[in-house]
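Here are some short exercises to work through at your own pace. Try each task before you read its solution.

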Amino acid sequence: MTIIRVALDLPLPRLFDYLAADAIDSDVGRRAVVPFGRSEKIGLVIAVVETSDQPAEKLKPATAILRDMPPLPADWIALCEFCARYYQHPLGEALTLALPPMLRKGKLPRPVKEKLARVHPEVTKPDLLPEQQIALDAILAAEGFEPFLLHGVTGSGKTEVYLRAIETILAQGRQAMMLVPEIALTPQLESRVAARFPGAHIVSAHSGIADAARARGFLDALEGRADIVLGTRLSVFTPLPRLGLIVVDEEHDLSFKQQEGLRYSARDVAVFRAKQTGVPIVLGSATPSLETFYHARSGRYRLLELTSRAVADAMPTVRSVDTRREKLQDGMSAALIAALEERLTRGEQSLIFLNRRGYAPVLACPACGWISHCQRCAANLVVHLADQRLRCHHCGLENAIPRACPDCGNLDIHPFGRGTQRLEAALKAKFPTARVLRVDRDTASTPKKWQELLNAIHDGAVDILIGTQMLAKGHDFPKLTLVGAVGADAALFAADFRAPERLFAQLMQVGGRSGRADLAGEVLIQTEYPDHALYRALADHDFHRFATAQLVEREQAGFPPYAFQALLRAEATGIEQSLVFLASARAEAHHLASEAVTLYDPVPMRLSRLMNLERAQLLVESVSRPALQNFLSAWMEKLYALKAPRNLRWHLDVDPIEL
Ligand code: ADP
Ligand code: ZN
Ligand code: ZN
């Protein structure tokens with residue numbers, strides 16, 4: 001009897017056996033159509049076997065094995081198996097995630113006529129600076145797997161190093177993978193890579209790419225036609241039979257971590273993949289994650305430093321503006337306003353960084369105390385004056401802005417606090433002739449709009465930019481000489497222990513956009529804590545000092561990277577249900593957990609209600625990753641067996657980035 005063992009896209013940690021008389025060993029890695037319940041499903045053949053644990057009479061015949069594309073190779077399946085195991089997720093769902101939607105559905109993209117490769121003008125490569133050369137030599141000297149951290153500020157020439165390394169890999173007839181954060185994958189980067197490798201077949205992979213094109217790119221990679229895969233986190237799963245190098249740019253970026261379903265970190269999966277394939281991996285950043293920095297310090301990753309900007313640009317001067325004794329105008333200090341005026345007179349660009357979009361975080365009635373709550377979440381509705389809406393940033397709920405207080409009828413209701421729209425309005429009022437542009441998720445809602453904004457900035461069609469962290473990811477701000485940060489202090493004392501790390505990275509990144517050789521840059525940080533160590537390290541452009549101090553704090557508190565964490569989260573219509581479920585999950589763990597694993601009490605999440613669901617979480621922690629992994633595997637079996645109430649959903653998040 002020939003049986004195929006199939007992984008199906010189901011939230012169950014098991015495979016399904018089907019009879020398939022015509023199956024042969026090389027069908028492993030092919031898609032199969034199989035009956036399931038009253039319909040059919042498409043899964044992936046994981047094994048061809050002779051016997052099944054199921055009684056023979058229960059086995060149904062598979063409908064078809066699809067042989068219209070090459071089977072997915074064993075190492076690709078192994079990569080998905082690793083993800084399934086590490087993130088405690090069913091293999092079928094991991095495979096589904098890794099396949100482009102079209103292939104998942106059993107379809108194939110229609111072949112396209114081979115386009116003539118666009119002819120790019122010959123680009124002249126700059127001569128490498130000594131530090132770049134050292135970095136490149138180290139990467140190219142790697143024998144098999146070796147992880148590198150390439151640390152260097154924006155403009156220090158990291159991308160140039162990646163491109164040189166890729167060049168050598170391509171010359172060896174091998175393939176390269178370059179991962180970049182969600183929003184950073186701009187046509188600019190794509191064309192920079194394309195211009196450098198005119199003859200190469202480059203596959204772009206990100207969420208903005210149409211289904212057919214994505215499937216085609218995947219097949220090009222699988223069949224060995226692609227030379228470079230350039231994409232966001234999902235492209236880490238692109239099969240590359242001749243993979244020779246992986247690059248993860250801006251490795252600290254949060255968009256590498258998927259926040260739903262299989263909650264994988266593309267950076268960490270990339271490191272696994274490099275190890276599995278035996279190739280070097282370069283993690284690049286101006287502000288590495290503390291996890292990566294820790295590995296570099298301990299010698300597990302090799303640290304490569306680019307200490308200055310490549311094109312003789314000075315680093316901007318960074319200064320705290322003490323706002324404790326000052327009455328601010330629309331949230332801005334006199335120093336910031338004066339600095340803005342100066343830039344306007346000189347025809348230079350300024351940027352104000354405020355990491356909060358909308359007009360104001362809340363609308364309130366001073367007479368009765370009403371505030372604009374979201375009906376579905378434990379959060380406030382944000383005032384969006386531009387389109388006259390109140391909007392929940394968590395669930396998307398929208399209402400018109402009421403004319404009077406819904407509770408007491410008071411006509412005099414006010415927006416409280418300040419977001420990017422309000423700052424934009426204030427700046428337009430203050431500088432009526434200045435061209436003011438706001439960049440946040442509302443104005444850059446699509447990749448196309450984002451690109452248009454970037455073009456406007458690049459063309460110098462903007463005097464004052466206001467923006468959230470999105471702006472930290474743009475490149476090419478040629479006339480930017482002033483960066484002002486307002487409202488940054490909030491992150492200093494946030495409940496999330498990673499908040500300072502993020503603040504430092506954001507400020508360093510936005511600040512790094514300013515200044516060139518002929519136009520010195522200046523960064524002004526409005527703060528009530530002008531002597532805070534974080535701001536002082538920033539002023540000295542000293543990532544090492546900041547990161548080292550953070551690591552000391554993390555070690556004392558027993559936080560990552562000194563401990564490994566997982567979160568079990570539950571959501572239900574009542575918080576009691578969620579907490580009770582987590583408590584029983586905890587009880588199941590009692591006889592499984594070793595000394596090395598700590599389980600905390602179930603608690604409501606910080607955003608305790610989202611979309612009418614009450615959410616709670618349970619933190620599991622260990623100083624030993626293997627101990628945590630072993631525990632989680634055993635625990636998951638119990639959890640699947642646990643009878644959760646019908647209206648309750650739960651998931652496990654391994655290496656969560658938000659607590
Ligand atoms: P990063 O990736 O660190 O932000 P890039 O590689 O994009 O830095 O380099 C920043 C700028 O400096 C780019 O315009 C790049 O072309 C230029 N550049 C990089 N390396 C050199 C070099 N060795 N000599 C001259 N210009 C360089
Ligand atoms: Zn009222
Ligand atoms: Zn909401």
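## Exercise 1: A pair across two strands

At 18% relative accessibility, Glu-571 counts as buried, where buried means under 20% relative accessible area, exposed over 50% and partly exposed in between (1.4 Å probe, protein chains only). Before going on, note that this is a predicted model: local features need pLDDT of at least 70, side-chain atom pairs count only at pLDDT 80 or more, and totals for chains, interfaces and linings use all residues. Residues are numbered from 1 along each chain as its sequence is written, chains are lettered from A and ligands numbered from 1 in the order in which they are written, and side-chain values use heavy atoms, with hydrogens and water left out.

**Task.** Find the salt-bridge partner of Glu-571 and say which parts of the chain the pair ties together.

**Solution.**
- Step 1: Start from the rule, which asks for a side-chain nitrogen of Lys or Arg within 4 Å of a carboxyl oxygen of Asp or Glu.
- Step 2: The side chain of Glu-571 meets that of Arg-649 in a salt bridge, at 2.5 Å from N to O.
- Step 3: Glu-571 lies in strand β24 (residues 564-572) and Arg-649 in strand β28 (residues 649-654), so the pair ties together parts that are 78 residues apart in sequence. Helices (H or I, at least four residues) and strands (E, at least two) are DSSP runs, numbered from the N terminus.
- Step 4: Arg-649, at 56% relative accessibility, counts as exposed.

## Exercise 2: A pair within a helix

**Task.** Explain how Arg-346 and Glu-342 are placed in helix α10.

**Solution.**
- Step 1: The two side chains form a salt bridge of 3.3 Å, N to O.
- Step 2: Both residues belong to helix α10 (residues 334-346) and are four residues apart, so about one helical turn separates them.
- Step 3: Arg-346 is partly exposed, with a relative accessible area of 46%, and Glu-342 is partly exposed too, at 40%.
- Step 4: For the whole model, the count by this rule comes to 43 salt bridges.

## Exercise 3: The zinc site

**Task.** Which residues coordinate the zinc ion (ligand 3), and why is the arrangement called tetrahedral?

**Solution.**
- Step 1: Donors are N, O and S atoms within 2.8 Å of the metal (3.2 Å for Na, K and Ca); water is not among the atoms, so sites may look incomplete.
- Step 2: The SG atoms of Cys-374, Cys-377, Cys-392 and Cys-395 coordinate the zinc ion (ligand 3) at 2.2 to 2.4 Å.
- Step 3: These four donor atoms subtend angles of 105 to 116°, which makes the arrangement tetrahedral. Four donors count as tetrahedral if all angles lie between 85 and 135 degrees.
- Step 4: Along the sequence, the donor residues are spaced C-x2-C-x14-C-x2-C.
- Step 5: Cys-374 and Cys-392 are both buried.

## Exercise 4: A strand with two neighbours

**Task.** Are the faces of strand β21 covered or open, and which strands pair with β21?

**Solution.**
- Step 1: In β21 (residues 464-467), Ile-464 and Ile-466 on one side and Leu-465 and Gly-467 on the other are all buried, and both faces are covered.
- Step 2: Strand β14 (residues 349-353) pairs with β21 in the parallel sense over four bridges; two strands pair if DSSP finds at least two bridges between them. Here Ile-352 stands opposite Ile-466.
- Step 3: Strand β20 (residues 436-439) also runs parallel to β21, joined by four bridges, and Leu-437 stands opposite Leu-465.

Notes. Four donors count as tetrahedral if all angles lie between 85 and 135 degrees; four count as square planar and six as octahedral if opposite donors are over 155 degrees apart and all others between 65 and 115; anything else is irregular.
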